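Thanks for sharing this one with me. Here are my notes, as numbered points, to read alongside the model.

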Amino acid sequence: MDISEHHMTDVGLIRPDVHIEVHIKSQSTAKRPEVRTRVLSLLDRHSTVLSSYRWTEFDDEFLTKNVESVTVADLIGPKLVDLKAHNLCIHVFSLNDESPSTLALEEEEELSAANHWLLPAAEFHGVWESLIYEEGIKTQLLDYVSTTIFFSDRNVDSNLIAWNRVVLLHGPPGTGKTSLCKGLAQKLSIRLSGRYAHSQFVEINSHSLFSKWFSESGKLVTKMFQKIQELIDDKDALVFVLIDEVESLTAARSAAQAGTEPSDAIRVVNSVLTQLDQIKRYPNVVILTTSNVTEKIDLAFVDRADIKQYIGPPSASAVFNIYLSCLEELMKRQIVYPRQQLLSLEELGTVNFMESDVTRLSLTLRNLARRSVGLSGRALRRIPFLAHALYGKSSSVTVEAFLRAMERAVDKQRQEQASLVNCV
């Protein structure tokens with residue numbers, strides 16, 4: 001954002017940004033400037049809030065009629081925030097309810113190159129918030145893409161200052177890399193809605209691309225990127241291209257060079273890399289890639305990535321927060337009942353993790369989180385379901401009983417993993 005757009009304090013310092021996301025109802029016909037004005041009035045009346053606070057009920061009839069939620073977004077840690085001391089960046093958006101379409105290469109239906117969403121998509125709503133990593137990972141990714149757009153808008157000479165618009169997320173399976181890419185694109189489509197009229201998301205599965213179309217050489221790959229180029233040619237559109245399992249490119253090229261795959265394979269891979277080099281020159285495209293097998297990624301591709309972020313299994317604190325979000329949801333739905341207060345790690349830290357009637361359940365959850373370290377994020381999200389299905393089948397169960405059920409589910413998951421390893 002231009003410095004001139006920030007509010008200045010009395011001593012001439014720039015006020016830090018706070019992002020306010022305003023989700024308007026799909027049937028609303030309200031003009032966005034009016035929504036913005038009403039939201040500013042709401043924030044003026046409630047200027048001191050807990051970080052990442054969300055309003056879903058309003059004391060304003062206009063907001064009740066037109067707005068689903070107003071969220072103070074992406075602030076880290078539980079703390080009081082004085083909104084009047086910040087520059088408020090208000091982002092008004094509605095969700096696109098359409099199912100993804102396919103980018104077809106030929107007349108035949110089966111030759112679909114990729115899935116295509118209009119953003120922000122209802123399917124991706126809440127994905128970003130549900131992903132819990134070490135502090136800084138999500139913020140750094142947001143800041144990276146925001147800077148690529150900012151530098152492009154200012155016509156910074158990329159021959160002097162280099163950036164490629166390529167992000168590589170790598171790490172073991174089940175850590176949420178693909179979901180993080182989708183959430184990042186969704187979040188940025190909201191953040192940059194004032195800069196771009198609309199955003200689009202194209203997901204390419206490179207593994208299925210090669211397995212289907214090796215015999216067609218690089219021609220179909222070129223056709224696929226021509227379709228993507230048509231989207232990029234719309235200067236009012238921000239386009240995200242996701243290549244999942246990007247190590248498939250390298251695996252195919254390595255096998256071809258070793259003589260175990262036909263020479264056509266190397267043409268396919270080289271065609272993909274060439275096309276990536278062409279589209280990354282455009283200011284309104286971001287290329288997101290994931291890999292489960294880091295050591296197989298070709299250095300020629302790795303060198304193209306500006307950000308190479310490792311996404312590993314969640315730490316004990318991240319596991320705690322994942323479980324906490326799961327329990328809050330189950331209490332909200334009265335599957336775990338009655339609702340009981342669970343303290344955050346920060347709140348437990350203020351009492352030095354001493355056990356009392358107030359902290360007992362939260363400390364039990366902390367111990368469970370420690371026992372769960374090593375499980376993937378995907379497995380962790382499944383633990384509450386397995387706990388209920390296998391060990392807590394009543395229509396409602398107390399927090400204490402459900403935590404015991406979760407402990408048993410974690411132990412069972414560990415046993416199953418050990419059995420699989422022994423069978424290999």
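1. A word on counting before anything else: helices here are DSSP runs of H or I with at least four residues, strands are runs of E with at least two, and both are numbered from the N terminus. On that basis the chain has 15 helices and 13 strands. Please keep in mind throughout that this is a predicted model.

2. Now the overall picture. The chain holds 424 residues, and 47% of them are buried. Among contacts with a separation of 6 or more, 75% join residues that are 24 or more positions apart. The exposed surface comes to about 21,500 Å², with carbon and sulfur atoms supplying 50% of it.

3. Helix α13 passes a simple length check. Its twelve residues, 360-371, should span 16 Å at 1.5 Å a residue, and the end C-alpha atoms lie 17 Å apart, so the two figures agree. As for cover, the buried residues of α13 include Leu361, Leu363, Leu365 and Leu368. Ser362, Arg366 and Ala369 are buried there too.

4. Next, strand β10, residues 198-205. Is this strand largely enclosed or largely open? It is largely enclosed by the rest of the structure, because six of its eight residues are buried. Its partner is strand β11 (residues 237-244), and the two run parallel, paired over eight bridges. One of the bridge partnerships to look at is asparagine 205 with aspartate 244 in β11.

5. The salt bridges deserve a longer look; the count is 19. Which one would I show a colleague? I would pick glutamate 21 with arginine 191, whose side chains meet at 4.0 Å, N to O. This pair links distant parts of the chain, with glutamate 21 in strand β1 (residues 17-24) and arginine 191 in helix α5 (residues 177-191), 170 residues apart. Note that the N to O figure sits at the limit, since a salt bridge is called within 4 Å. Glutamate 21 is buried, at 7% relative accessible area, and arginine 191 also counts as buried, at 15%.

6. That pair also belongs to something wider. Glu21, Asp74, Glu129, Lys187 and Arg191 are linked in a network of salt bridges. In general, side chains of opposite charge can pair when their charged atoms come close.

7. How far apart are the closest N and O atoms of aspartate 59 and arginine 45? They are 2.8 Å apart, in a salt bridge. Aspartate 59 lies in the loop between β3 (54-55) and α2 (61-66), while arginine 45 is in helix α1 (residues 32-45), so the pair ties together parts 14 residues apart in sequence. Aspartate 59 is exposed, with a relative accessible area of 54%, whereas arginine 45 is partly exposed at 39%.

8. Glutamate 328 and arginine 339 form another salt bridge, their closest N and O atoms being 2.9 Å apart. Glutamate 328 sits in helix α11 (residues 316-332) and arginine 339 in the loop between α11 and α12 (345-350), eleven residues apart. Glutamate 328 is partly exposed at 28% relative accessible area, and arginine 339 counts as partly exposed at 49%.

9. A last point concerns lysine 227, found in helix α7 (residues 219-232). Its relative accessibility of 32% makes it partly exposed. The C-alpha atoms of lysine 227 and leucine 103 are separated by 7.0 Å, although these residues are 124 residues apart along the chain.

Methods: Residues are numbered from 1 along each chain as its sequence is written. This is a predicted model: local features need pLDDT of at least 70, side-chain atom pairs count only at pLDDT 80 or more; totals for chains, interfaces and linings use all residues. Side-chain values use heavy atoms; hydrogens and water are left out. Buried means under 20% relative accessible area, exposed over 50%, partly exposed in between (1.4 Å probe, protein chains only). Contact means heavy atoms within 4.5 Å. Accessible areas come from the Shrake-Rupley method with a 1.4 Å probe; for residues, only the protein chains shown count as cover. The expected span of a helix is 1.5 Å times one less than its number of residues. Two strands pair if DSSP finds at least two bridges between them.
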